[in-house]
Amino acid sequence: MGGSQLLVVLDRDSSVPLQQQLCDQISGSVRSGRLRAGDPVPPSRELAHQLGVSRTVVTRAYELLRANGVLTSRRGSGTRVSGAVPDLPHRDPPARAPLRPEPPLPTDAGSPLWRPWEPAPMHRPDGAYDFRHGTPALASFPVARWRQSLAEAVSRADAVALGYGPAEGSPALRDQITALLRRSRALDVSREHTIVTSGATQAMDILVRQLVGPDDVVVIEDPSHTVLRQIFGYSRAAVVPVPVDAEGLRVDEIADRVRGHGLDPARVRLVYVTPSHQFPTGFVMSERRRRALLRWAREHGVTVLEDDYHNEFSFAAERLPSLAADPQGADVAYVGSFSKTLFPSLRIGYAVLPPHLVRPFLGIKWITDRLTPTLTQEALAEFVGSGAYARHIGRMDRLYRQRRARLLEALYEHFGAGVRVSGAAAGLHVLVTLGGAPGADETAIVRAAAARGVRVYPASGYFVSHPPAEPTFLIGYAALPTARITEGVALLAAAVRDATAR
């Protein structure tokens with residue numbers, strides 16, 4: 001979730017001037033409630049960079065919005081939505097009943113584990129060129145600022161804060177999460193439907209326990225992450241992989257794939273997707289395919305589990321809202337975390353749920369860990385609310401763009417037309433196929449690269465069916481400085497030559 005990003009889409013073919021389109025969309029976000037009194041809007045330079053327009057377009061739009069009382073500016077606090085927006089409906093928050101966990105149904109652990117693929121252990125030297133995916137630029141994390149947030153949380157802690165907190169999480173953090181999701185993902189949801197978890201993995205594990213029973217079917221993407229295959233493999237359901245293409249999950253193949261496994265499509269209870277950045281291909285699910293998935297889920301009474309694990313970092317000209325922002329009558333459970341934006345050991349994630357799933361979800365979480373650490377949640381709420389999170393995301397976005405560009409340049413420089421790359425539009429990794437390496441397999445290249453101090457990670461194990469015919473790797477770039485990326489790709493190219501010469 002980009003802390004200061006706005007979901008704005010400009011139509012450059014329209015006769016309406018860009019600055020007027022920007023005015024209209026911000027005003028519309030205020031009217032719909034996605035932007036609310038006091039919410040910040042991005043600095044003009046940052047928004048101009050995000051939209052690919054001149055800064056003048058943004059500054060003129062902001063001037064018009066200030067003149068109309070929609071925005072207000074104050075030195076030191078930036079530009080925010082006005083506290084008294086004219087002619088816009090005011091929505092008082094409805095009274096909320098206290099959340100009470102509902103105990104889960106008894107479980108049956110008799111089903112066999114659907115075993116995931118695991119890479120064979122291999123000794124690798126401690127080299128400086130580790131292209132591991134999923135690791136953010138931890139060396140650039142503002143540790144000193146985070147320490148301030150922790151100190152602030154501890155200084156405010158009383159006996160209540162030091163005791164057992166609510167299973168659903170800190171109200172302050174849930175408020176910050178919902179505000180971030182409104183602005184960056186167009187997902188307008190109350191905090192009563194937002195549950196803090198110990199990472200996204202816990203949220204998905206709880207949803208599987210909650211929704212899936214004996215003889216049920218879970219549909220996953222193929223390829224997909226092995227951790228997800230472990231989670232679903234431990235459930236009591238049959239797990240059916242359905243292929244993805246450049247538009248995302250092939251929705252029209254779900255029923256046939258389920259029947260191909262000797263199962264009844266009517267038993268599908270859960271469909272897992274990564275629409276913002278499919279893992280590991282990096283494809284972004286098209287609008288057409290999104291509509292088809294939601295329609296299929298609605299017609300079949302199926303819950304869609306939307307894993308938005310990389311939505312924070314998007315390098316495409318346009319960003320699509322989350323599936324949960326407009327579920328079109330389907331049940332969509334939205335799951336995210338702060339592992340990639342901040343650091344993995346934080347272990348804070350969240351689930352945004354349809355209303356009828358909240359209480360049973362809490363019932364399972366209550367017996368799983370009782371609560372996610374309270375003081376850490378309060379520190380994170382302060383970190384987000386102070387603007388430190390938005391500033392960090394802005395810095396990381398610029399840094400990752402530089403590293404991504406250097407990686408792509410280096411790959412094409414050393415491998416030329418023989419290399420194929422997908423997933424460059426978002427996230428912190430790309431999928432790289434080395435089509436110009438005849439006779440070499442992934443294992444040989446991994447060994448040759450390790451001998452030169454380079455760590456690369458094969459992608460074939462993420463495919464349940466039809467693995468790549470050519471050597472394919474998941475290349476992460478977020479944690480490596482640009483100079484290391486340049487050197488590492490050069491060494492990888494030499495390692496490929498070593499592997500093909502044998």
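Let's start in the middle of the fold, where strand 4 and strand 11 (residues 349-352) run antiparallel and are joined by four bridges. Please keep in mind that this is a predicted model. Within the pairing, Thr 197 of strand 4 sits opposite Gly 349 of strand 11. Which way do the side chains of strand 4 (residues 194-197) point? Thr 194 and Val 196 face one way, Ile 195 and Thr 197 face the other, and all of them are buried.

Gly 349 leads us on to a neighbour, Ser 337, which touches Gly 349 along with Ala 200, Glu 312, Ile 348 and Tyr 350, leaving aside residues up to four places away in sequence. Ser 337 belongs to strand 10 (residues 331-337). With a relative accessible area of 14%, Ser 337 falls under the 20% limit and therefore counts as buried. Its C-alpha atom is separated by 5.9 Å from that of Gly 199, although the two residues are 138 apart along the chain. The side chain of Ser 337 also reaches the backbone nitrogen of Ser 339, at 3.2 Å.

Now step back to the whole chain. The protein chain contains 15 helices and 16 strands, and buried residues account for 54% of its 502 residues. If you take the contacts between residues at least 6 apart in sequence, 75% of them join residues at least 24 apart. The chain exposes about 22000 Å², of which carbon and sulfur atoms supply 52%.

Helix 15 is a good place to look at packing. This helix covers residues 482-501, and its 20 residues reach 29 Å from the first C-alpha to the last, close to the expected 28 Å. Its buried residues include Ile 485, Val 489, Leu 492 and Val 496. What do the buried residues of helix 15 pack against? Their partners are strand 3 (129-130), helix 13 (388-415), strand 13 (429-434), helix 14 (442-451) and strand 14 (454-455).

Finally, let's turn to charges. Side chains of opposite charge can pair when their charged atoms come close. The structure holds 27 salt bridges. In one of them, the side chains of Arg 36 and Asp 188 meet at 2.8 Å, N to O. Arg 36 lies in the loop between helix 1 (18-32) and helix 2 (44-51), and Asp 188 in the loop between helix 6 (171-185) and strand 4, so this pair ties together parts that are 152 residues apart in sequence. Arg 36 is partly exposed at 34% relative accessible area, and Asp 188 is partly exposed at 33%.

The loop between helix 6 and strand 4 takes part in another salt bridge, between Asp 175 and Arg 191, with the closest N and O atoms 3.0 Å apart. Here Asp 175 is in helix 6 and Arg 191 is in that loop, 16 residues apart. Asp 175 counts as partly exposed at 35% relative accessibility, as does Arg 191 at 29%.

A third pair is Glu 247 and Arg 288, whose side chains meet at 2.6 Å, N to O. Glu 247 lies in the loop between strand 6 (238-245) and strand 7 (248-249), while Arg 288 is in helix 10 (residues 287-300), 41 residues apart. Glu 247 is partly exposed, with a relative accessible area of 26%, and Arg 288 is partly exposed at 48% relative accessibility. Both belong to one network, in which salt bridges that share partners join Asp 245, Glu 247, Arg 250, Glu 253, Arg 257, Arg 288 and Arg 289.

Note on methods. Residues numbered from 1 in each chain as written. Predicted model: local features only at pLDDT ≥ 70, side-chain atom pairs only at ≥ 80, totals over all residues. Heavy atoms only, no water. Buried < 20%, exposed > 50% of the residue type's maximum accessible area, 1.4 Å probe, protein only. Helix = DSSP H or I, 4+ residues; strand = E, 2+ residues; numbered from the N terminus. Pairing = 2+ DSSP bridges. Contact = heavy atoms within 4.5 Å. Areas by Shrake-Rupley, 256 points an atom, 1.4 Å probe, with all protein chains shown as cover. Expected span 1.5 Å × (residues − 1). Polar contact = N/O pair within 3.5 Å; in protein donor to acceptor, adjacent residues only side chain to side chain. Salt bridge = Lys/Arg side-chain N within 4 Å of Asp/Glu carboxyl O.
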